[in-house]
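Me: I have a structure to go through with you. Can we take some labels one by one and check each against its cut-off?

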Amino acid sequence: MSHLSTKNLLKKAVKSSSRASSRASSRATTPAGSRHASDIEDDYSDASDSTLDSLASFQEDLTIIDWGDELKKNLEDLSEKRTATRETALLKLAKLLSHKYLNEDLISQRNTMMAALKKCLKKSGSVQEKILTTRVIALCFITLGADEESLYKEFSPTLKTIVSDVADPDILAATINCLSMLCFVASSDEHETLKLMDMFTNVFKDSHRAPQAVISAVNAHGLLFTTLGGSSRTSRDIFDSSMPILTRLLESTSMELRVASGENIALMMEVLSSDTQFHYDRIDNLLISLNMLATDSSKRRSKKDRSTQRSAFRDIVSSIEDGEAPEVKLKFHGEVINFDGWSEIKQLNAFREALAEGLHVHFQYNELLHDIFEVSFTPDSDGEGHQPPSYVVSSKSELSKMRSQDMTRLRQQRGRHTGFYED
């Protein structure tokens, strides 16, 4: 493939992606809306031609470069004065850290890398630089592993300040995603977790916020809720305080936000179900609202939105009304990983968002993911040549039925093509 054609494909991917959503964080992440992988190309939308030129060349060399040397080279470029140079370096670092598990290389450069990223975070650079920096920070924490609480304490004050003060919704959404992932991975302080959840609640209860920021806040709140025990009074207090807001968000004009809110409601009720004393007084009214969304046929919404929403809320209703936990399976390298229930699916989706098309690499090699999801693989000697994982759900689920119907339509309309971004 020529250098020019690669760049044009990147631009085409960006254009297609931006039509579907303003940011990856605003996409539905319910099992009904599961996608193969978040696309790091979302970050190309504001990149200059020179940045795309450099990245296109870099992508063509992914199989032949020395990963450790490439990490050092792009780390050095983070100190350059030109914003475009720093953006290119950040794009490449994001690609490197998602596509390869560079734990040893990153450990050797840990202090230098994190100091450089902290400077990028504080610079008055472009929106793009801020977004890319938060992505790379999250990838560094995922790569370094769980024993980085001191590093979390170094970064969290700056990230919290951005969440509190920033006006740009895309920076806000990216920073919330980053901060929640850092806390999930590295912080063992429940008090800190609760403070962040309160901060995220303040974001999604603000009716004037842009949808992408609110969706990120709802998802971040849900991710951190998975770390709390279902029998604790704290969990019940969070449920009681957030339910009025989440039920209001079920009426949002954004389909992604309606789905994210419904997921969080189902998640909290699933976690709290371990408490025999738990009871929600307004369960009947809630189920009426959820069932209305599960059968919504309003022509005001697009056909695609209606289909996605109905499928999503059928799963949500099934879990709340019938106790049927959703199930997602990841098929990779001849093995199947099961993710049962909203908690595991919420955690999976957070890592899919952060790792994008490199999820399969980290599932094979990264001990952090092995510990969180209680899985293990026998790594191949070369670590190359694997296809990205595919996602499967129970044959009885609404998503499975919808996919069967979609396949029938596709066979009848062979002229139409639905594509996914691949490595």
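Me: In this predicted model, which of the two words, buried or exposed, fits Phe 239 and Tyr 280?
Reply: Phe 239 is buried, and Tyr 280 is too. The word means that each has under 20% relative accessible area.

Me: Why is the pair of Phe 239 and Tyr 280 called edge-to-face?
Reply: Their ring centres lie 5.3 Å apart. The limit for a pair is 6.5 Å, so they count as one. Their planes stand at 85°. Edge-to-face needs over 60 degrees, so the label fits.

Me: What makes this pair a tie between parts of the chain?
Reply: Phe 239 sits in helix α12, residues 233–249. Tyr 280 sits in the loop between α13 and α14. The parts joined are 41 residues apart in sequence.

Me: Why is the pair of Phe 363 and Phe 373 called tilted?
Reply: The centres are 5.5 Å apart and the planes are at 40°. Stacked needs under 30 degrees and edge-to-face over 60, so tilted is what remains. Phe 363 belongs to helix α17 and Phe 373 to helix α18. Both residues are buried. They also belong to one aromatic cluster, with Phe 184, Phe 339 and Phe 351.

Me: How do you know where to be careful with the model?
Reply: Look at pLDDT, the predictor's confidence in each residue. The protein averages 81. Over residues 1–30, however, pLDDT stays under 50. Residues 390–404 are also below 50. Where pLDDT is low, predicted coordinates should not be read in detail.

Note on methods. Residues numbered from 1 in each chain as written. Predicted model: local features only at pLDDT ≥ 70, side-chain atom pairs only at ≥ 80, totals over all residues. Heavy atoms only, no water. Phe/Tyr/Trp six-rings, centres within 6.5 Å; stacked < 30°, edge-to-face > 60°. Helix = DSSP H or I, 4+ residues; strand = E, 2+ residues; numbered from the N terminus. Buried < 20%, exposed > 50% of the residue type's maximum accessible area, 1.4 Å probe, protein only. pLDDT = per-residue confidence, 0-100. Contact = heavy atoms within 4.5 Å.
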